[in-house]
Structure formats: C-alpha cells, structure tokens
Amino acid sequence: MEKPRRVSYAGFAVQPRRNIDRLRPTVAIIGGGVGGCCSALELARTGKLNIFLLEKNRELMRESSDATPGRLGLGFHYSDKATALRFLHVTVDFIKRFGRFRQEITRKQSHPLRRGRYFIMKNSLVSVQDILKIYDAIKQEYAKMVGKDPTSEVLGPPDDIYRIMKSHEFEENVHIEEVAMGIETAEELLDWPRLREYIINQVTERKENRVSVMTNSKVVAITACKGGGYILEGLNTYHGCAAKISADFVVNSSWYNISKFNQLLGISSACSKRCNRFKAIATVQLPKELINLPSMFFCMGPFCMFSNKGNGIGMITLAPETNIAVTSSSPDELESDLHQDEKLAKGKRIVKGVSKFIPKMRDAKLTKVAIGVIQTFLDEDTIDHGFKIGNLDFIHDPTIGGISKRNYSGVEEPIPGYIINACMKLIYCFDNAKLVKDAIVRRYRQF
Ligand SMILES: Cc1cc2nc3c(=O)[nH]c(=O)nc-3n(C[C@H](O)[C@H](O)[C@H](O)COP(=O)(O)OP(=O)(O)OC[C@H]3O[C@@H](n4cnc5c(N)ncnc54)[C@H](O)[C@@H]3O)c2cc1C
C-alpha cells in the first residue's frame, strides 16, 4: 500500500476539516477515555500536530474512566514492591499537579475522609509480615522523596503515611473477628467528576491547537502503509456510514480493544502481556453512621473495598461478585455488560457481601451498578486466551501469573509511529501522556 497523503481525511464526522494544517503531521488517537484525552492534550501543547481523537461513544470518558471512585493509590494494596513504589511516585506527581482536585481538599489532612484504612484479614493470601515490609518500603521511599525535594511532601509528614491502629479504633465499624490488623494510611480520593469535566473541557474547548474530537466514531480496522503512516477505517455509530482516515502516527488508547488493533497490525507478540478484567462497582447512599468514615480496603484476597465519595455517597466492590470475567482476547464491546435487572441483583449481592465486612453497610441504599475494565499483567498460560467466568478468586493470588504487577507505564511503540497507551490506572494518565508525546516528538524530528 502506498504512503497516504499527509492528510486524506474522509470524515468520520464533519466538524474537523477546518482544523487541518496540511503541513503538520497527523496523529489519530483511538479511544476517548482518560488515557486518550490526556494524550490529546499533551500532544496539542506541542502546537505542531493535527490531532484527531476518535471515540465510539456519543460522549468522551463514558467507559472505565467513568466507573472509577478515583482512589489516589499510594501502593498499599499491592503485594508487589516495585508496583507499590511506582504507585507512590506517580500519585505524588499527580497530586503535585492536580492536588486541587482532591475530594476533601478543604478539610484538614487528618480528617477521616482524607484517610484510607487497610484491614489485613486473618485469611489474607499474603502474610502480615510481608505486607508490613511493603508498607515500610513505601514509608522509606516517601521519606527519600521528601528529603530530595520538599515539594513532594503532599501526603503529610513521612511518619504519618501509615500507622498501625489499635483495635478499639475500628471494632465498632468492621467485623473484627476476621481482621488480623488495621492500618490507617494517608490515601485519599479524587473529586473525579470535577477533574473529568475539567479534562473534557480542556480537550473540547481549546482555542489554539485544537483537538478534533470525533465522537460516534468507531475504528474497525487499521493498516500500516508501506512508506510509513497508517490508514484507519471507521464507522459512524450514529449514521452508520463508513469512512477512512490516514495518519502519520496512531495512539492506541482503546483499553480493552488494544490487542485487537495490535493483532490487525500483526504485532501482538511484540507487546506486553495483559489481560482484561471486567469489573462491576456499586454506588450506594450510605447510612448516616458511615457518612464520615474513611474509605476501607480489605486485603489481600477476594474481599471488598469501600470508597467514601463524600456527601453520603459510597462506591463498593466485593471481589467474588465484582470480578465478572477475565480475558486475554479482545472483545469488541463490553460483552459482559449486564441487563438492568441483572445489575440490580448483582448490586444487592455486593451490598449484602460487603456488610459481612462492614456490618452497617447493610442499611446502604443501592443507586447504581457500573461496569468497567481493569487491565493487569497476567501471563497467557494462566488464562488460556479464553473468556473466563465463574470463580475468579485466583486473580488475587500474588503467586499466579504476575497478577499483582502493574509496575510499568503501559506505553509502548512496537512499530514506528504506532504507540500503545495502556493506562493501567487512572492516576497514570498524565505520566503516560508525556511518554506518548515524547515517542511522537522523537519520531517527528526524524520526519
Ligand atoms: C471499577 C473500576 C475501579 C477503578 N478504580 C480506580 C481507582 O480507584 N484509581 C485508579 O487510579 N484507577 C482506577 N481504575 C482504573 C481506571 O479507571 C483505568 O485505568 C482508566 O480509566 C483507563 O482509561 P482508558 O482511557 O485507557 O480506558 P477507557 O476509559 O475505557 O477508555 C477507552 C475508550 O476507548 C474507546 N474505544 C474502544 N474501542 C474503540 C474503537 N474501536 N473505536 C473508537 N473508540 C474505541 C471506548 O469507548 C472508551 O471510551 C478503576 C477501573 C474500574 C473499572
């Protein structure tokens, strides 16, 4: 196939033609979740590129990026040390830049809503000693970061990053018989709806170096051109019409569909192994006794999580109900999305199950169940390429398939000009966007 003209835009939608500068290279970003949106913003800042952001839904950030409670993880729920320390670094950088979007920023740092509690269970898959070794490593690393650069002290003093609690501090609120140890951490939450809206506004309302946002635009095929560049084929999901777009660079931010496009380009073996995990999360109205309690995480195993979103809203997961399916293949849609009545039944089971850990949760009122996708490392032998449903407890076992590792950015350039942006956590989004930009700028100079 011959090299495409610099821009041969055929139009998934009508709007962007006027934004094209024919002398600039074109970047097509597949997927308008947080990963794609932040990449678009970072690339727009160069002022040297035509940028197309292609999203199959009617709105940006309506899939996994809309299901998250926005926990600013510090590494405490990972049993892999490298992953834990990476989390700490990325979150500290994230807070330095976007700390104003923290949920309870107007309250004191010691306020319960700005603390996260971790409960190590008696039947934890990782021993208390091993967990504490990781927690200590997190504390030491944070102290080192603050020692090097005092502006990194965004989580309070290093000594306060975690402390072991006395049982009387939590016995009223958790099912204490099952708990081996309670730990309070400096982990807090993002006001994600506010930051999400801010990012969308930045992407859609830039005056200079605009991003051409094309919603209802589903990419169905991709081909590499002989002389360089790519042709993307798409469908307008509203009108049903087909179209082609050619681009000098492609950023694949399509999350659960990443490997689908890799396969179309014949490069799957050159990329990191990851699996998609379909995950449900329930939103509840909290009973008044829980409204001011810190967020909680029960670790390490198939247990549960409660994120206190403030204003009496909680988001909860219960591992056996929450983890719906695991697959290494690439489903085109969120195939395991459930019907409304199935979601409701699942939500009720989540509330009931979480009540076994946090008894007062039984009076919570279910308002919503959302489904998204988590990607983790997981070697292919473990999940056998298939779509696994049923008992998925194995995904919590740190000895299996490298499941507890997310110690890499997820940004890769397996062939020139084609950049994968697997945004392994929400908080990786800005860090990844810089890596995506660096990869493109490096190539652009050679252009
Ligand atoms: C229940 C849940 C809880 C989470 N909690 C946290 C947390 O507390 N903290 C944290 O840091 N992270 C959390 N995460 C992880 C975080 O949400 C994800 O890492 C992040 O949202 C991934 O962003 P993304 O843009 O890569 O994916 P997405 O938001 O899924 O975006 C991918 C986009 O690509 C589009 N797309 C796919 N295929 C195509 C195609 N063929 N053509 C065009 N568009 C396409 C999709 O429509 C979608 O909009 C959580 C995730 C889930 C599911």
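Two strands count as a pair if DSSP finds at least two bridges between them. Keep that in mind, please. The model I am showing is a predicted one.

I will start with strand β12, which covers residues 295-299. How many of the five residues of β12 are buried? Five of the five are, so β12 is largely enclosed by the rest of the structure. Buried here means that 20 or more other C-beta atoms lie within 10 Å of the residue's own.

A general point helps with the next step. In a regular strand, side chains alternate between the two faces of the sheet. In β12, S295, F297 and C299 are on one side, M296 and F298 are on the other, and all of these are buried. Both faces of the strand are therefore covered, as you would expect when five of five residues are buried.

Now the partners of β12. Strands of a sheet pair through backbone hydrogen bonds, in a parallel or an antiparallel way. With strand β3, residues 116-121, the pairing is parallel and runs over five bridges. One place to look is R117, whose bridge partner in β12 is M296. With strand β13, residues 304-308, β12 runs antiparallel, and two bridges join them. There, F297 has M305 of β13 as its bridge partner. β12 and β13 make a hairpin, and four residues lie between them.

What is the peptide bond from C299 to M300, cis or trans? It is cis, with omega near -10 degrees. M300 belongs to the loop between β12 and β13, so the cis bond leads from the end of β12 into the hairpin loop.

Next, two asparagines. N311 is not a glycine, yet its phi is positive, about 50 degrees. This residue sits in the loop between β13 and β14, where β14 is 313-318. Why does N311 count as exposed? Because N311 has 9 C-beta neighbours inside 10 Å, and the limit for exposed is 12 or fewer.

The other asparagine is N216, also with a positive phi, near 55 degrees, and also not a glycine. N216 lies in the loop between β6, 211-214, and β7. With 18 other C-beta atoms within 10 Å, N216 is partly exposed.

That loop brings us to β7 and its sheet. The sheet is open, has three strands in the order β7-β8-β9, and pairs them antiparallel. Which strands are at the edges? They are β7, 217-224, and β9, 242-247, each pairing on one side only. On average, neighbouring strands of the sheet are turned by 25 degrees against each other, ignoring direction. β7 and β8, the latter at residues 230-236, are joined by seven bridges in the antiparallel sense. Within that, K218 is opposite L235 of β8.

β7 also gives residues to the shell around the ligand. There are 38 residues around the ligand, and G31, G33, S65, R71 and G372 come nearest. Besides β7, the elements giving two or more residues to the shell are α1 (34-44), β11 (275-285) and β16 (365-376). By type, the shell has 15 nonpolar, 15 polar and eight charged residues.

Last, the record. An unreviewed UniProt entry lists residues 27-236 as "domain: FAD dependent oxidoreductase". Over residues 27-236, the chain is 30% helix and 21% strand, with the end C-alpha atoms 19 Å apart.

Technical notes:
Residues numbered from 1 in each chain as written. Predicted model: local features only at pLDDT ≥ 70, side-chain atom pairs only at ≥ 80, totals over all residues. Axes fitted to C-alpha atoms, helices over the stretch in contact; angles between N-to-C directions. Near = placed C-beta within 6 Å. Nonpolar A, V, L, I, M, F, W, Y, C, P; charged D, E, K, R; others polar. UniProt positions renumbered as here; feature names shortened; annotations may be inferred.
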